[in-house]
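Me: I would like to go through this model carefully and ask, for each label put on it, what justifies the label.

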Amino acid sequence: MLSYSTYSEAGGVGKTTTAANLAVAHARAGLDVLVVPLDQQEGDLSRLFGVDEDRAADIDTLAHHMIRRPKGEFEDLIVEAEHGVDIIPEHNNLGDLGDWLDREKEQAEAVGEAFGVNSALLRVLKDAGVPEEYDVLICDPPATEGVHLHNAINATRSLVIPVEATAKGEAAVDGLEELVGGLEETLSVDIGVLAAVPTRFEGTNDQKEVVDEIEYPVPEIIRKRASLMEGCWKKQCSAFSYVRDHRDRRRDHEMDTLAKFDRLARFLEDRVGIAAPNPPEPGVIEDKEGVEA
Amino acid sequence: MTTMKDGPGSDPFSDDEDQDDGDEATTESKSEPEPETTETEMNTTEKYPYVLRRDTVKDERDNEHVAFLRDEFADLEQDIVSDVADELDMRVKDVSVTDIREAMVQVASENPERMAEVLLEWGYDAKQ
């Protein structure tokens, strides 16, 4: 199973849209994809996919499972979003996850048991048989250090790093080194970087230099596509769906962006030896009636 | 400068919590289409040493090599960087792993006998 967390130290670099569009790119090639976002907030991945209507409801949630107090079956947490992507929607109680996990740990220790607050998600996914059911697991943790990030990284161990192609972004990658180094020690795991993904790229010389300095693979550079991304948030869908359903005509540069996500997905799959069953021609989408454009 | 491994991390779902046996780690990866960076100027005058004349760490380095490594060798790279940084009295974060990988090629080219010894240690038969 290909498993990775999209992670960026800085906010606002397209981490969530990168995760969403990669999920669709993997899924539309025939892979079974599970997305587990942990970044509950106004503009979270659940909102982007339009699956966040129950975020405040009194229901069984991932957090309940992580503290071993499930109110239902794991499978029932999963919602199917567009393109067959499975997702566990973010619930508002993710904001309390740190406290919940700490309390569970206290209670466990009071009776002489161990409870790893950083491996709660991994345990839940393992017990639910996720590696057997899915080809791809994507976590989208928040940018801040804490128990959500620890759980995401512990459950995936590989990173896809969206990077703002500026000096600030480059500094963020350096800062990430230290953070992850610390996490590797804390969690006793090996964390690897599958790719860095420069986003919002405008092609200036300064940006090109920054990208050239990144010492991780940079298989694709995502250009700034403000109108497209804004449209995605408005219509609550991926870029693939937006171009297919909400654009009156196909714009070359937007098709090019879709092609990049397709190729990026193939690159990531290739790194762990997964062959998608039906990889499409990069960027080619069917139009609304199901005929290829 | 990197301290994070390039390539997948350990398998979180393997039965033993240690690294999987037989994991391949690439030191450079294949990328299908070329990344869009192109027009950084190449200063090809031989006046200054490479590290001083270049603009970026990938300047003049157009060849991507993938290396398939056993676990112990993939892990060694971090130690190599750190030992070399010590020799140079520099911080690890200031020593480029990309430079190290190229320097390894040069060192190997200067030491064919030692290279052959290593292959023999791994089981190459000199009489093949």
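Me: Which elements of chain B have the lowest and the highest mean pLDDT?
Reply: In this predicted model, strand β2 (residues 25-26) of chain B has the lowest mean pLDDT among the elements of that chain, 33, whereas helix α4 (residues 112-122) of chain B has the highest, 94. For chain B as a whole the mean pLDDT is 74, and 70% of its residues reach 70 or more.

Me: Over which residues of chain B does pLDDT stay under 50?
Reply: It stays under 50 over residues 17-45 of chain B, a stretch for which the model nevertheless has 74 contacts beyond four places in sequence. Where pLDDT is low, the predicted coordinates should not be read in detail. For the complex, the predictor gives an ipTM of 0.72 and a pTM of 0.76.

Me: Why is the pair Arg271(A) and Asp6(B) called a salt bridge?
Reply: The rule asks for a side-chain nitrogen of Lys or Arg within 4 Å of a carboxyl oxygen of Asp or Glu; the side chains of Arg271(A) and Asp6(B) meet at 2.8 Å, N to O, so the pair satisfies the rule. Across the interface of chain A and chain B, the rule finds one salt bridge.
The side of chain A that touches chain B draws two or more residues from each of several elements, including α8 (167-187), β7 (192-199) and α12 (252-271) of chain A. By class, that side has 23 nonpolar, five polar and 16 charged residues.

Me: What else describes the interface of chain A and chain B?
Reply: In contact are 44 residues of chain A and 36 residues of chain B, and the two chains bury about 3300 Å² between them, 51% of it on carbon and sulfur atoms. Between the chains, 11 residue pairs are in polar contact, with both residues at pLDDT 80 or more.

Me: How do you know that β7(A) and β1(B) are paired?
Reply: Pairing needs at least two bridges, and two bridges join β7(A) to strand β1 (residues 5-6) of chain B, so these parallel strands count as paired. In β1(B), Lys5(B) is the bridge partner of Gly192(A).

Me: What makes β1 of chain B an edge strand?
Reply: The open sheet has eight strands in the order β3(A)-β4(A)-β2(A)-β5(A)-β1(A)-β6(A)-β7(A)-β1(B), with mixed pairing. Strand β1 of chain B and β3 (79-80) of chain A each pair on one side only, and these are the edge strands.

Terms used. Residues numbered from 1 in each chain as written. Chains lettered and ligands numbered in written order. Heavy atoms only, no water. Contact = heavy atoms within 4.5 Å. Buried area = accessible area lost by both parts, 1.4 Å probe. Polar contact = N/O pair within 3.5 Å; in protein donor to acceptor, adjacent residues only side chain to side chain. Helix = DSSP H or I, 4+ residues; strand = E, 2+ residues; numbered from the N terminus. Nonpolar A, V, L, I, M, F, W, Y, C, P; charged D, E, K, R; others polar. pLDDT = per-residue confidence, 0-100.
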